Amino acid sequence: ATFVLDDRPQVIVAAGFGGADRVLSRFYLGRVLALLAGGGALAVLLPPGEIKRLLDGVAGQHIEGVGDPGMVQRVGKALGWSVRRGLTAQCRDYATPAPPDLSGWQAAATLTANRGGLIACGDFGAARAAVHGMAGIPVPRGGSPAAWDASRMVPALSDLLQYAVSPEYSAARAHLL
């Protein structure tokens with residue numbers, strides 16, 4: 001799937017997606033919807049350096065000398081006057097000598113997206129396989145003695161497992177069903 005983030009965020013799904021494993025498809029679509037709903041799509045999609053350029057461009061709307069002038073102009077056009085005006089306080093906070101620490105934003109958005117995927121598919125094994133795949137680590141075969149050793153190398157799986165056995169997950173699944 002491809003994100004199109006403009007006036008109306010969209011997800012474009014490849015033609016072959018419908019023929020894919022239905023449980024995995026639900027995981028990925030749930031993941032995408034969680035990213036869009038939580039506002040974390042950019043945090044997950046953009047490399048950290050690009051996120052900083054973008055945030056500097058937003059702050060440059062109100063703080064002189066912050067951000068690359070080209071990016072400040074692009075962001076200004078994309079946001080529009082009323083949105084820029086509504087971000088004044090946040091821009092000033094961001095441009096202070098001790099700006100907010102956003103280093104964990106990308107990781108938190110990824111964990112939230114994975115949780116959304118698990119809620120949508122309802123199958124921890126499929127979610128585990130998808131998270132392994134996104135990490136570029138082959139999914140160990142079931143019953144293999146090293147199966148969980150391989151999964152320990154994928155940090156997002158610890159959070160996903162804890163979430164899968166939580167009352168919050170059970171409540172979310174019950175709400176869907």
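In this predicted model, helices H7 and H10 run oblique to each other, because the angle between them is about 45° and oblique covers what is neither roughly parallel, roughly antiparallel nor roughly perpendicular. Helix H7 spans residues 105–121 and helix H10 spans residues 155–164, with 10 Å between their axes. The crossing of this pair is right-handed. On the H7 side, the contact is built from Leu111, Asn114, Arg115, Leu118 and Ile119; H10 contributes Ala156, Asp159, Leu160, Tyr163 and Ala164. Sorted by class, the residues that join H7 to H10 comprise 7 nonpolar, 1 polar and 2 charged.

A second helix pair brings together H3 and H4, the latter covering residues 69–79. Here the packing angle is about 70° and the axes lie 8 Å apart. H3 is therefore roughly perpendicular to H4, since that label applies from 65 to 115 degrees. From H3, the residues taking part are Glu50, Arg53, Leu54, Asp56, Gly57 and Val58, and they meet Met71, Val72, Arg74, Val75 and Leu79 of H4. The class make-up of this contact is 6 nonpolar, 1 polar and 4 charged residues.

Leu55 offers a handy place to look more closely at H3, the helix of residues 48–59. With a relative accessible area of 22%, Leu55 is partly exposed, because buried would require a value under 20%. Apart from neighbours within four places in sequence, the contacts of Leu55 are with Tyr94, Leu102 and Trp105. Of these partners, Trp105 belongs to the range of H7, residues 105–121, and Tyr94 to that of H6, residues 88–94. A further reference distance is the one from Leu55 to Val75: 20 residues separate the two along the chain, and their C-alpha atoms are 9.1 Å apart. Val75 is also one of the H4 residues in the contact with H3.

The last site to visit is Thr88, which lies in helix H6. The relative accessibility of Thr88 is 19%, so this residue counts as buried, the cut-off being under 20%. A polar atom of the Thr88 side chain is placed 2.8 Å from the backbone oxygen of Arg85, a separation that falls within the 3.5 Å limit for a polar contact.

Methods: Residues are numbered from 1 along each chain as its sequence is written. This is a predicted model: local features need pLDDT of at least 70, side-chain atom pairs count only at pLDDT 80 or more; totals for chains, interfaces and linings use all residues. Side-chain values use heavy atoms; hydrogens and water are left out. Helices (H or I, at least four residues) and strands (E, at least two) are DSSP runs, numbered from the N terminus. Buried means under 20% relative accessible area, exposed over 50%, partly exposed in between (1.4 Å probe, protein chains only). A polar contact is a pair of N or O atoms within 3.5 Å; within protein, one must be able to donate a hydrogen and the other to accept it, and residues adjacent in sequence count only if both atoms are side-chain atoms. Axes are lines fitted to C-alpha atoms, for helices over the stretch in contact, and angles run from 0 to 180 degrees between N-to-C directions. Angles under 35 degrees count as roughly parallel, over 145 as roughly antiparallel, 65 to 115 as roughly perpendicular and the rest as oblique. A crossing is left-handed if the near helix is turned anticlockwise from the far one by less than a right angle, and right-handed if clockwise. Contact means heavy atoms within 4.5 Å. Ala, Val, Leu, Ile, Met, Phe, Trp, Tyr, Cys and Pro count as nonpolar, Asp, Glu, Lys and Arg as charged, and the others, Gly among them, as polar.
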